[in-house]
Amino acid sequence: MAALDAELIRCRACPRLVEWREETARVKRKAFQDWDYWGRPVPGWGPPDAALAIVGLAPAAHGGNRTGRMFTGDRSGDVLFAALNDVGLASQPTSTARDDGLELRGVRVTAPVHCAPPANKPTPEERLTCRPWLTRELQLLRPTLRAVVVLGAFGWQALLPSLAEAGWEVPRPLPAFGHGAHSRLTDSRGAPDLHLLGCYHVSQQNTFTGRLTPTMLRDVLRHAAALAGLPEGGERLEG
Ligand code: SF4
């Protein structure tokens with residue numbers, strides 16, 4: 001996994017995204033003028049033998065693209081890691097920098113697009129171009145991966161082809177995204193099934209409006225942790 005990540009962070013395959021991630025890193029947001037922005041593809045993170053994956057869509061321009069870690073340094077991450085900590089899957093409730101000491105327990109956080117896109121919207125071509133990175137990551141996780149929580153419909157649509165390429169049997173018609181959607185994918189080599197769970201994205205658009213409440217998010221994470229064979233909530237990691 002480390003070799004994959006080292007290769008990934010040098011990728012320049014999408015001209016529009018390379019330009020955007022680097023320009024954002026140069027111009028910076030006023031509040032982060034002191035930061036040396038990452039400005040490169042953001043790899044997934046968490047143990048390489050994770051039983052549970054959390055899949056978003058792409059890093060945020062001033063979040064992951066600044067800190068170099070998925071969901072780190074933005075409001076969406078604040079919501080996600082507070083919930084992961086509450087259910088015992090993260091060592092602390094905040095995620096602010098790559099060296100902040102946060103550890104994930106049995107969970108890897110990743111995305112189907114690894115560079116921050118303008119307006120948080122990668123094009124279909126960019127999603128296609130980036131897909132092999134996620135496929136390779138899933139192939140490496142496959143021996144231990146038992147559940148995936150997908151945050152949002154775009155991530156769901158982008159993930160399904162990678163799951164198929166990585167060796168799981170994706171049902172036809174394709175399973176539809178919804179909050180609480182649950183689909184079970186068989187492994188083409190006879191390994192245990194993979195549980196695919198849908199969850200509304202942790203964006204402010206959803207959390208501020210109450211479309212995704214703290215309870216809804218924690219319920220999905222607890223369910224996924226149980227399906228993945230991870231200890232259920234209440235048992236916190238020491239920070
Ligand atoms: Fe490479 Fe993916 Fe970034 Fe495109 S989005 S430049 S494929 S890492």
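Trainee: Which residues in H5 meet Phe 154, Gln 157 and Ala 158, among others, in H6?

Mentor: In this predicted model, the H6 side of the contact includes Phe 154, Gln 157 and Ala 158, together with Leu 159, Pro 161, Ser 162, Leu 163, Glu 165 and Ala 166. By class, the residues of the contact of H5 with H6 divide into eight nonpolar, four polar and three charged. On the H5 side, the residues that meet H6 are Arg 127, Arg 131, Leu 134, Thr 135, Leu 138 and Gln 139.

Trainee: Are H5 and H6 parallel or oblique to each other?

Mentor: The axes of helix H5, residues 124-141, and of H6 come within 8 Å and cross at roughly 55°, and the crossing is right-handed. Angles from 65 to 115 degrees would count as roughly perpendicular and those under 35 degrees as roughly parallel. An angle of roughly 55° falls in neither range, and therefore H5 and H6 are oblique.

Trainee: Which residues of H8 does H4 meet, and how do the two helices pack?

Mentor: H4 and helix H8, residues 214-227, pack with their axes 9 Å apart at an angle of about 55°, which makes H4 oblique to H8. Their crossing is right-handed. From H4, the residues in contact are Val 79, Leu 80, Ala 82, Ala 83, Leu 84 and Asp 86, and by class the contact has seven nonpolar, no polar and two charged residues. The H8 residues that they meet are Leu 217, Arg 218 and Leu 221.

Trainee: Which helices each supply at least two residues of the lining of the largest pocket?

Mentor: The largest pocket holds about 940 Å³ of space, and of the 35 residues that line this pocket, the closest to its centre are Ser 76, Asn 120, His 201, Ser 203 and Gln 205. The lining residues divide into 16 nonpolar, 13 polar and six charged. The helices that each supply at least two of them are H4 (75-86), H6 (153-166) and H7 (204-207).

Trainee: How many residues of the lining of the second largest pocket are nonpolar, polar and charged?

Mentor: About 180 Å³ of space lies in the second largest pocket. Its lining is made up of Ile 9, Trp 38, Pro 43, Gly 44, Trp 45, Gly 46, Gly 68, Arg 69, Arg 98 and Leu 102. Gly is counted among the polar residues and Arg among the charged ones, and the lining accordingly divides into five nonpolar, three polar and two charged.

Notes: Residues numbered from 1 in each chain as written. Predicted model: local features only at pLDDT ≥ 70, side-chain atom pairs only at ≥ 80, totals over all residues. Heavy atoms only, no water. 1 Å grid on protein atoms, 1.4 Å probe; cavity = no way out; pocket = protein on both sides within 12 Å on 5 of 7 lines; lining within 4 Å. Points joined across faces, edges and corners; volume = space filled by probe spheres on them. Helix = DSSP H or I, 4+ residues; strand = E, 2+ residues; numbered from the N terminus. Axes fitted to C-alpha atoms, helices over the stretch in contact; angles between N-to-C directions. Parallel < 35°, antiparallel > 145°, perpendicular 65-115°, else oblique. Left-handed = near helix turned anticlockwise from the far one by under 90°. Contact = heavy atoms within 4.5 Å.
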